[in-house]
Amino acid sequence: MSHFTLSLLGRFDATLDGQPITAFGTDKARALLAYLAVDSSRPHRRGELAALFWPESPAKKAAHNLSQTLLRLRRALRQDDAPPTAAPQPFLLISSQAVQFNSLSDHRLDVAEFSELIRAQQQHRHDAAGVCSLCVGWLQQAVALYRGDLLAGFSLRDSVPFEEWLLLQQEALHVQAVAALAALASYYER
């Protein structure tokens, strides 16, 4: 079974079994993969994805572009290579109606790890006010993962809806990183 690592905090970086993936073909393929991975909690309707990434194209052309991009992603992730008897969990769940990043696949996503560490620290209850040593460990791991803004330096100028989504995600993650750094600074000050 292949292990997929996707790093989106800072610059885009993807590896499959430790080898860099370079066969995406287009920035739209990278952007689509990032979008699906960050919002893996639900299936995304094909029409919505086509409108998000090709807002200026007629619906039929946008749908065709989405299909071609999904084909590139499947090839880059070697999703078509697996023998049917191995039955590994695919990274992308693709149907005629919807697409979803498979959160049960063998993968590592820095954004998900970062968010989970922040959530663990926020939900941790302890008697003393402030941050405990367990919380400090989680916060240190989270800030180590935060290598920069989500998809830093990445842009799809012909897709304003994607750019808006990216900006909102960057801001939310940035706020969490700053709060984590502030909590760590406060802990070490004490």
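**Ser 7**

I started with Ser 7 and asked whether this residue is buried or exposed. With a relative accessibility of 13%, Ser 7 falls under the 20% cut-off, so I entered Ser 7 as buried. The model I am reading is a predicted one. Ser 7 sits in strand β1. I then listed the contacts of Ser 7, leaving out neighbours within four places in sequence: Phe 12, Asp 13, Asp 110 and Arg 147.

**Phe 12 and the aromatic pairs**

Phe 12, one of the contacts of Ser 7, led me to the aromatic rings. I counted 11 aromatic pairs. In one of them, Phe 12 and Phe 24 meet edge-to-face, with ring centres 5.5 Å apart and 85 degrees between the planes. I looked up where the two residues lie: Phe 12 is in the loop between β1 (4–7) and β2 (13–16), and Phe 24 is in the loop between β3 (19–20) and α1 (27–38). The pair therefore ties together parts that are 12 residues apart in sequence. Phe 12 is buried at a relative accessible area of 14%, and Phe 24 is buried at 0%.

Next I took the pair Tyr 35 and Trp 165. Their ring centres are 4.8 Å apart and their planes stand at 65 degrees, so I logged the pair as edge-to-face. Tyr 35 belongs to helix α1 and Trp 165 to helix α6 (residues 160–189); the pair links distant parts of the chain, 130 residues apart. Tyr 35 counts as buried at 10% relative accessibility, and Trp 165 is buried with a relative accessible area of 13%.

I also checked which residues share a cluster with Tyr 35 and Trp 165. One aromatic cluster holds Tyr 35, Phe 53, Trp 54, Phe 154, Phe 162 and Trp 165.

**Helices α4 and α5**

Asp 110, which touches Ser 7, is also among the α4 residues that meet α5. I looked at how α4 (residues 110–123) crosses α5 (residues 133–145): the axes come within 9 Å, at roughly 155 degrees. The two helices are therefore roughly antiparallel, and I noted their crossing as left-handed. On the α4 side, the contact uses Asp 110, Glu 113, Phe 114, Leu 117, Ile 118, Ala 120 and Gln 121. On the α5 side, I found Cys 135, Trp 138, Leu 139, Gln 141, Ala 142 and Leu 145. Sorted by class, this contact has 9 nonpolar, 2 polar and 2 charged residues.

**Helices α2 and α3**

What is the angle between the axes of α2 and α3? I read roughly 95 degrees for α2 (residues 46–53) and α3 (residues 59–76), with the axes coming within 9 Å. I therefore described α2 and α3 as roughly perpendicular. Arg 46, Leu 49 and Ala 50 in α2 meet Ala 62, Ala 63, Leu 66, Ser 67 and Leu 70 in α3. By class, I have 6 nonpolar, 1 polar and 1 charged residues for this contact.

**Whole chain**

I closed with the chain totals. The protein chain has 6 helices and 7 strands, and their order from the N terminus is β-β-β-α-β-α-α-β-β-β-α-α-α. Buried residues account for 41% of the 190 residues. Of the contacts between residues at least 6 apart in sequence, 63% join residues at least 24 apart. Along the principal axes, the C-alpha atoms fill a box of roughly 60 × 40 × 25 Å.

Key. Residues are numbered from 1 along each chain as its sequence is written. This is a predicted model: local features need pLDDT of at least 70, side-chain atom pairs count only at pLDDT 80 or more; totals for chains, interfaces and linings use all residues. Side-chain values use heavy atoms; hydrogens and water are left out. Rings of Phe, Tyr and Trp (its six-membered ring) pair if their centres lie within 6.5 Å; planes under 30 degrees apart count as stacked, over 60 as edge-to-face and the rest as tilted. Helices (H or I, at least four residues) and strands (E, at least two) are DSSP runs, numbered from the N terminus. Buried means under 20% relative accessible area, exposed over 50%, partly exposed in between (1.4 Å probe, protein chains only). Axes are lines fitted to C-alpha atoms, for helices over the stretch in contact, and angles run from 0 to 180 degrees between N-to-C directions. Angles under 35 degrees count as roughly parallel, over 145 as roughly antiparallel, 65 to 115 as roughly perpendicular and the rest as oblique. A crossing is left-handed if the near helix is turned anticlockwise from the far one by less than a right angle, and right-handed if clockwise. Contact means heavy atoms within 4.5 Å. Ala, Val, Leu, Ile, Met, Phe, Trp, Tyr, Cys and Pro count as nonpolar, Asp, Glu, Lys and Arg as charged, and the others, Gly among them, as polar.
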